[in-house]
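Trainee: I have the structure open and would like to talk through how its descriptions are justified. Could we go step by step?

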Amino acid sequence: MSKVNLLDRRAVVSGLLANRKDAIVVGGLGASTYDMAAAGDHDRNFYLWGAMGGAVMIGLGVALAQPNLPVVVITGDGEMLMGMGSLATVGLQKPANLTIVVLDNESYGETGGQVSHTAATADLVGVARACGISDTRAMTTMAEVEAFAPALQDVASGPRFASVKIDGANLERVLSSRDANYIVNRIRGALGFQPI
Amino acid sequence: MHARADAPQEQAASQASAQASAQADSWPEEIFSILQRFDVRQVPYVPDAGHSELINRVLGSSTMRGVPLTTEEEGVALLAGAWAGGQRGVLLMQSSGVGNCINMLSLTQIFRFPFLTLVTMRGEWGEFNPWQVPMGSSTQAVLELSGIRVLRASHPQEVREVVEAGAMQAYNACTPTAVLLSQRLIGSKVFVK
């Protein structure tokens, strides 16, 4: 099932978040959210169980509201394809504290592994760059992922966009909370905001 | 033949109309003041002629961030993120954009965040373009089916009161609210001279 030389998604996400500090992390619906949960629950984890195509925009909203905090969006290729316009919106706003990481397995893993556009023709790194995000990269090794991880803390020179080719293995789901009200209020509480 | 006799009346009528139009022009300014008062910080929008004056005020503001979108659903997601980060926002769009938002409007129910959108209406009052009519006709129902409370302003003098009520229930009671700004208020778009 797994191709050789493609990275393990859980290792990638754990590696990126190992030293996350105060970062707020948004996970796209499906496997990206499970990967975040597998890396360890955190009160600044913004798990999504829906809102397909909205992960980058949710990250942008947080990033604009909290310009001194690192904000990281971790999502899949299918979710990113649905919200491709949001890369143009990010390119225009240029939030210096926002990093977008796409875990690209070239398929819709949650729905049966149907191939996505990135398997053949779509180049998300090229799209991000063409939308005005100048710090873009495609990563294929864990060494590159580990070298990139400290950049997530940088709130002065984003936005950044990275695509990581991962293998298509369907891993056991690690379920986070799916109560959106709890998730958002936990983040707000961690930032010092009170319930209404 | 009526020229001289009617001249003063015409002038008076034209003055009255100028006054009415000055008053009509002030409602976007009234909306801007309300948004300022409620500490609205993020203003995502897809442009509409009816919102152009308000958008210009937002883009010139030092406290608000205008965020142009490629499609309206981006704005719903942006405002959910803004709320998590401690800021209030408002989504500006045209009635046709409401249809683009439907799935993302789920966020307003499951996050129970203070969602406010101001929707300029097309396809309901002297419309020229038939392509605007289907979505304009279903805008209110679509919003209500999506769990959004709908208020409407049709006359310049009621805009302040209605937008204020919408802002109060959205921001104070976390009640997702849309204020429809009627095409009657904005005026039909003129395509032919």
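Trainee: Where does C174(B) lie?

Mentor: This is a predicted model, and in it C174(B) sits in the loop that links helix 8 (159-173) and strand 7 (177-181) of chain B. Its phi is positive, about 50°, although C174(B) is not a glycine.

Trainee: Why is C174(B) called partly exposed?

Mentor: Count the neighbours: C174(B) has 18 other C-beta atoms within 10 Å. A residue is buried with 20 or more and exposed with 12 or fewer. The count of 18 falls in between, so C174(B) is partly exposed.

Trainee: What makes the backbone of R112(B) worth a look, and where is R112(B) found?

Mentor: R112(B) has a phi near 50°, which is a positive value in a residue other than glycine. R112(B) is in the loop between helix 6 and strand 5 (116-120) of chain B.

Trainee: How do you know whether R112(B) is buried, exposed or partly exposed?

Mentor: Use the cut-offs again: 20 or more for buried, 12 or fewer for exposed. R112(B) has 18 other C-beta atoms within 10 Å, so partly exposed is the right term.

Trainee: Let's turn to chain A. Why is chain A called as compact as a globular protein of its length?

Mentor: Set two values side by side. The radius of gyration of chain A is 15 Å, and the globule rule gives 16 Å for 196 residues; the two are close, so the description holds. The C-alpha atoms fill a box of roughly 50 × 35 × 30 Å along the principal axes. Chain A has eight helices and eight strands, and buried residues make up 48% of its 196 residues.

Trainee: Which peptide bond in chain A is cis, and how do you know?

Mentor: The bond from G158(A) to P159(A) is the cis one, with omega near 0°. P159(A) belongs to the loop between helix 7 (142-148) and strand 8 (160-165) of chain A.

Trainee: How many residues of each chain are in contact across the two chains?

Mentor: 27 residues of chain B are in contact with 27 residues of chain A. Two residues count as in contact if their C-beta atoms lie within 7 Å.

Trainee: Which element of chain B gives the most to that side?

Mentor: Helix 4 of chain B does, with nine residues. By class, the side of chain B that touches chain A has 16 nonpolar, eight polar and three charged residues.

How values were computed. Residues numbered from 1 in each chain as written. Chains lettered and ligands numbered in written order. Predicted model: local features only at pLDDT ≥ 70, side-chain atom pairs only at ≥ 80, totals over all residues. Helix = DSSP H or I, 4+ residues; strand = E, 2+ residues; numbered from the N terminus. Nonpolar A, V, L, I, M, F, W, Y, C, P; charged D, E, K, R; others polar. Rg over C-alpha atoms; globule rule 2.2 N^0.38 Å.
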